[in-house]
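This report is written for a reader meeting the structure for the first time. Please keep the sequence and the three-dimensional view at hand while reading.

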Amino acid sequence: MCGIAGYIGKSPPNTDNLKKTSEILHHRGPDGEGFFIHQLQNQGVAFVHRRLAIIDLEPRSNQPF
């Protein structure tokens, strides 16, 4: 099963914390990972995704979409 985590806050997300979060989610998806980080004015948003490739093993299925 894949794993996803997120962050929303008034400061930019700490990339070290995002990497640690991805490592914690490793058991949910060891086949791939993705990060999305966006800063808009005074708001920071980040998503971390781990992929478990069971059905679709093609690289086009990598996350995040």
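A residue is called buried when its relative accessible area is under 20%, exposed when that value is over 50%, and partly exposed in between. Arg50, at 6% relative accessibility, therefore counts as buried. The model described here is a predicted one.

## Overall architecture

The chain has 65 residues, of which 25% are buried. Its secondary structure comes to one helix and three strands, and when these elements are read along the sequence they follow the pattern β-α-β-β. The chain exposes about 4800 Å², and 59% of that area is supplied by carbon and sulfur atoms. Among the contacts in the chain with a separation of 6 or more, 54% are accounted for by residues 24 or more positions apart.

## The sheet and the helix

In what order do the three strands stand in the sheet? They form an open sheet in the order β1-β3-β2, and the pairing is antiparallel. The edges are taken by β1 and β2, each of which has a single partner strand, so one side of each is left without a neighbour in the sheet. On average, neighbouring strands of this sheet are turned by 5 degrees against each other when direction is ignored. Helix α1, which covers residues 15-24, packs on the sheet and touches β1, β2 and β3, while its direction makes about 150 degrees with that of β2.

In general, strands of a sheet pair through backbone hydrogen bonds, in either a parallel or an antiparallel way. In this model, β1 and β3 run antiparallel and are joined by seven bridges, and nine bridges join β2 to β3, which also run antiparallel. Within these pairings, Gly9 stands opposite Gly44 in β3, Tyr7 stands opposite Ala46 in β3, and the bridge partner of Phe35 is Val48 in β3.

Phe35 also offers a way to relate the helix to the rest of the chain, since the C-alpha atoms of Thr15 and Phe35 are separated by 9.6 Å although the two residues are 20 residues apart along the chain. Thr15 is found in helix α1, and it counts as partly exposed at 40% relative accessibility.

## The hairpin

The loop between β2 (32-40) and β3 (43-51) contains Gln41. In the hairpin of these two strands, which has two residues between the strands, Gln41 takes a positive phi near 50 degrees, and this positive value occurs in a residue other than glycine. Is Gln41 buried or exposed? With a relative accessible area of 75%, Gln41 is exposed.

## The salt bridge

How many salt bridges does a search of the whole structure find? The search finds one, in which the side chains of Glu33 and Arg50 meet at 3.1 Å, N to O. The pair links distant parts of the chain, with Glu33 in strand β2 and Arg50 in strand β3, 17 residues apart. As a general matter, side chains of opposite charge can pair when their charged atoms come close. As for the surroundings of the two partners, Glu33 is partly exposed with a relative accessible area of 44%, whereas Arg50 counts as buried at 6% relative accessibility.

## A nonpolar patch on the surface

Ile4, Phe36 and Phe47 make a nonpolar surface patch of about 310 Å². Ile4 is found in strand β1, which covers residues 3-9. With a relative accessible area of 60%, Ile4 is exposed, because a value over 50% meets the cut-off for that class.

## Accessibility side by side

The table collects the residues discussed above.

| Residue | Relative accessible area | Class |
|---|---|---|
| Ile4 | 60% | exposed |
| Thr15 | 40% | partly exposed |
| Glu33 | 44% | partly exposed |
| Gln41 | 75% | exposed |
| Arg50 | 6% | buried |

Definitions and conventions:
Residues numbered from 1 in each chain as written. Predicted model: local features only at pLDDT ≥ 70, side-chain atom pairs only at ≥ 80, totals over all residues. Heavy atoms only, no water. Patch = residues over 30% accessible without salt bridge, like charges linked within 9 Å, V, L, I, M, F, W, Y side chains within 5 Å. Areas by Shrake-Rupley, 256 points an atom, 1.4 Å probe, with all protein chains shown as cover. Salt bridge = Lys/Arg side-chain N within 4 Å of Asp/Glu carboxyl O. Helix = DSSP H or I, 4+ residues; strand = E, 2+ residues; numbered from the N terminus. Buried < 20%, exposed > 50% of the residue type's maximum accessible area, 1.4 Å probe, protein only. Contact = heavy atoms within 4.5 Å. Pairing = 2+ DSSP bridges. Axes fitted to C-alpha atoms, helices over the stretch in contact; angles between N-to-C directions.
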